[in-house]
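Hi everyone, thanks for coming. Let's have a look at today's structure together and walk along one part of it.

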Amino acid sequence: MAGMTLAEISEKMRDLDFTILSTRTESGALAGRPMSNNREVDYDGDSFFFTCEDTKKVGDIRRDPNVALGYQGGAGEGPPLFITVEGEAELIQDKAAFEKHWVKDLERWFKQGVDTPGLTLIRVRARKVHYWDGGDEGEIVLDGAEAQAAHA
């Protein structure tokens with residue numbers, strides 16, 4: 001399927017719950033850690049992840065909001081699927097936003113739910129999405145007019 005749309009990539013992401021979120025550390029090194037997308041798979045270029053305010057990743061994002069996401073799936077079920085996202089992270093500390101993106105499974109990590117002290121929502125706005133799906137490969141740039149076309 002040459003030239004997948006963002007909607008087609010979203011459909012393929014339905015079974016991918018985890019990603020690697022990469023940030024730039026204070027020393028300039030890259031740091032990656034697994035993050036759950038909470039099964040928010042109607043992907044429109046934004047990804048949301050919960051964390052705590054006092055984590056290294058939050059400090060990294062405050063210094064440099066440029067981040068990368070790496071998804072992988074399909075191993076053992078046919079050709080593997082790989083998706084990388086280059087984007088800009090935003091730190092949100094708004095209870096209404098927490099409630100909009102909250103799923104019960106998150107209580108495993110955040111015992112007080114949306115009232116967890118220091119709870120922070122990371123929103124990653126994609127600028128570029130690159131995918132490899134078996135022998136198919138492509139890229140969607142989400143800037144300016146191209147972003148409008150990708151969302152159509």
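Strands E6 and E7 (residues 136–141) run antiparallel and are joined by 6 bridges; strands here are DSSP runs of at least two residues, numbered from the N terminus, and two strands pair if DSSP finds at least two bridges between them. One of those partnerships puts Val129 with Ile140 in E7. The two strands form a hairpin with 2 residues between them, and Gly134 in the turn has a positive phi of about 65°.

A quick word on the source: this is a predicted model, where local features need pLDDT of at least 70, side-chain atom pairs count only at pLDDT 80 or more, and totals for chains, interfaces and linings use all residues. Residues are numbered from 1 along each chain as its sequence is written, and side-chain values use heavy atoms, leaving out hydrogens and water.

E6 has other partners too. With E5 it pairs in the antiparallel sense over 12 bridges, and Gly87 has Ala126 in E6 as its bridge partner. Strand E3 (residues 46–52) also pairs antiparallel with E6, over 7 bridges, and there Asp46 stands opposite Arg125.

So is E6 enclosed or not? It is largely enclosed by the rest of the structure, because 11 of its 15 residues are buried, meaning under 20% relative accessible area with a 1.4 Å probe, protein chains only.

Finally, meet His130, which sits in E6 (residues 119–133). His130 counts as buried at 18% relative accessibility. Its side chain makes a polar contact of 3.0 Å with that of Glu139; such a contact is a pair of N or O atoms within 3.5 Å, and within protein one must be able to donate a hydrogen and the other to accept it, with residues adjacent in sequence counting only if both atoms are side-chain atoms.

Technical notes:
Helices (H or I, at least four residues) and strands (E, at least two) are DSSP runs, numbered from the N terminus. Buried means under 20% relative accessible area, exposed over 50%, partly exposed in between (1.4 Å probe, protein chains only).
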